[in-house]
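Hi everyone, thanks for making time for this. I'd like to walk you through one structure today, going from single strands out to the whole chain. Let me put it up on the screen.

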Amino acid sequence: MKCRDNRETLRAVMKRAMCFAAAGALMLEPMLTPALAANQPIPSAASPSGHLHARPLALGVGKSVVIDLPRDVKDVLVADPKIANAVVRSAQRAYIIGASVGQTNIVFFDASGQQIAAYDIAVTRDLNGIRAMLKQVLPNADIRVEGIGPDVVLSGTASSQAESQTAYDIAIRLLDFQSAKAVAEGSKVVNAITVRGRDQVMLKVVVAEVQRNVIKQLGVDLSANMNYGTAVVNFNNTNPFTANGRALVTGNAATAGFGNSGTPGVPSVQATVRAMESAGVMRTLAEPNLTAISGETANFLAGGEFPIPSGMNCTNGACTPTIIFKKFGISLNFTPVVLNEGRISLRVATEVSEVTNDNAIQISGTSVPSIQTRRADTTLEIPSGGSMAMAGLIQQRTKQAINGMPGLARLPILGTLFRSRDYVNNNTELVVLVTPYIVRAVAQKDLSRPDDGFVAASDPQADLLGSINRIYGVPGRDPAGRKYRGTYGFITD
């Protein structure tokens, strides 16, 4: 092929490339697109009039396509060879190769100078690898991958937020792996995937706690008064209870005294026995329920706030305490993410707290109570409807103290008169259970409220029968035909 000398600026740019192509200087094996893999060359947009509208053509970087032309090509115009190039290996066949991301156009001319074909070339990153990987990993998702300049756009639909995030992570990893230049150019992935019908998750939490406390106290306070001539000897021994930090009740819980009447001149001895035993059981049960959309965070608090002084605010010599409020009660925070096959990933934080006088402190004459708290914070994965114990605690605490007079308190049997014994045993068992459910909205008639059927008692019922409310049931249902077993009737709370 002879390269035609032409003084036109644009055609002169292509003269050297055409000469190299004709001489066979450029040899490469094109990487074909799926259409080329089937040996189907792209036909040209030929027109008898010779005036052609450019056809759009998308290419990946480093990929090529085969163009079959209707007539012999004589000249080729490439607007920007850095983006795409054309190689002519025969009279009616050309190869278009994507070089870098961008847009350009290529025009083919015959020997008479008429246009044979024209193409608008858009070179993007090779996205076939990302498409194939997404199809393999997420076969049920309808995700489209498109390139806009150096960036990648994910669109379409996914069944859950987890699938959308997985597609985004795969695209990021493959984009960085395929080309270090993508990182240098600041390429990014735009996640425009729509989640179909985002799932809603209801979390049921059960916090169950049982505390058993046993306290035993036994002590003897001994006093004596002895006279020997002109000498008087007074003896007084009081043994405190120290294991619990204080006596069970104010004063002596149960006392018994014995000794003589203290007749003048006669030695007298008095003894006071203090004894108390206490046993108690406390049960705590909290069942907060909360519903949230997959991927969103929900918060729940049933309790309140109590004031505590935090400092002093002085103005013109007058000082007033500043107050802050501390929350207490039953709180639940969780973030659910619905995974494949109905599994749910949960970030759960639950807390049950109450105000107590244990460990209270005095600030400026004001008693500030403390808060007893049971808290659990974790991340776990559970199927819908499955339960798991996310936290458990078994705590046993035993305290025992003996106080008495040195030496005498160690005597067998008789030493009981000179000492006190204090025994405290606390057992606590705590379990936190979580159960998530994937839920759907239902009709209002299918839901019930705690006050369904509640009707206040009339004056005659309240005055004559002592009733607080009338029959407690569901409105519209006739209870006459039911057969009840056991005690039923009015609620007399």
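Let's start at one spot: Val76, which stands opposite Phe108 in strand E7. A word of caution before I go on: this is a predicted model. Val76 belongs to strand E4, residues 75-78. E4 pairs with E7, residues 102-109, in the antiparallel sense, and the pairing runs over 4 bridges.

Now look at which way the side chains of E4 point. Asp75 and Leu77 go one way, while Val76 and Val78 go the other, and all of them are buried. That fits a pattern you will know: in a regular strand, side chains alternate between the two faces of the sheet.

Let me zoom out for a moment. The protein chain holds 6 helices and 23 strands. It has 493 residues, and 31% of them are buried. The accessible surface is about 30,000 Å², with carbon and sulfur atoms contributing 53% of that. For those of you who like contact statistics, take the contacts with a separation of 6 or more: 63% of them are between residues 24 or more positions apart.

So where do the nonpolar residues gather? As general background, nonpolar side chains tend to be buried together in soluble globular proteins. Here, the largest nonpolar core has 22 residues, and those with the most contacts inside it are Leu203, Phe334, Leu346, Val348 and Val434. Two or more residues each come from E13, strand E17 (289-293), strand E19 (318-338), E20, E21 and E23.

Which residues does Val348 touch, once we leave aside its neighbours within four places in sequence? The list is Leu203, Leu332, Asn333, Phe334, Ala376, Asp377, Thr378, Met390 and Val434. Three of the core residues I just named, Leu203, Phe334 and Val434, appear among those contacts. There is also a second, separate core of 21 residues, and Val65, Ile83, Ile106 and Ile116 are included in it.

On to the charged residues. The count of salt bridges comes to 9, and I'd like to show you a few of them.

The first one I picked joins Asp221 and Arg274, with the closest N and O atoms 3.4 Å apart. This pair links distant parts of the chain: Asp221 sits in strand E13, residues 200-228, and Arg274 in strand E16, with their positions 53 residues apart in sequence. For Arg274, E16 covers residues 268-286. Are these two partners buried or exposed? Both Asp221 and Arg274 are buried. Arg274 has a relative accessibility of 13%, and the cut-off for buried is under 20%, so Arg274 falls on the buried side. The side chains of Arg274 and Asp221 are also joined by a polar contact of 3.4 Å.

Next is Glu354 with Arg374, a side-chain salt bridge at 3.6 Å, N to O. Glu354 lies in strand E20 (residues 343-363) and Arg374 in strand E21 (residues 366-383), so this salt bridge ties together parts that are 20 residues apart in sequence. The two ends have their own surroundings: Glu354 is partly exposed at 27% relative accessibility, whereas Arg374 is buried, at 9%. The pair also belongs to a network of salt bridges that links Glu209, Glu354 and Arg374.

For a contrasting case, take Lys445 and Asp446. Their salt bridge has its closest N and O atoms 3.3 Å apart, and both residues are exposed.

Two loop residues before I stop. Arg196 is in the loop between strand E12 (194-195) and E13, and it is partly exposed, with a relative accessibility of 36%. Beyond residues up to four places away in sequence, Arg196 touches Asn140, Asp142, Thr157, Ala158 and Ser159. From Arg196 to Gln161, the C-alpha to C-alpha distance is 9.0 Å, across 35 residues of sequence.

The other is Ile413, in the loop between strand E22 (388-404) and strand E23 (419-439). What is the phi of Ile413? It is positive, about 65°, although Ile413 is not a glycine. Ile413 is also exposed, at 73% relative accessibility.

That's my tour. I'm happy to rotate the view to any of these spots.

Key:
Residues numbered from 1 in each chain as written. Predicted model: local features only at pLDDT ≥ 70, side-chain atom pairs only at ≥ 80, totals over all residues. Heavy atoms only, no water. Buried < 20%, exposed > 50% of the residue type's maximum accessible area, 1.4 Å probe, protein only. Polar contact = N/O pair within 3.5 Å; in protein donor to acceptor, adjacent residues only side chain to side chain. Contact = heavy atoms within 4.5 Å. Areas by Shrake-Rupley, 256 points an atom, 1.4 Å probe, with all protein chains shown as cover. Salt bridge = Lys/Arg side-chain N within 4 Å of Asp/Glu carboxyl O. Core = buried A, V, L, I, M, F, W, Y, C linked by side-chain atoms within 4.5 Å. Pairing = 2+ DSSP bridges.
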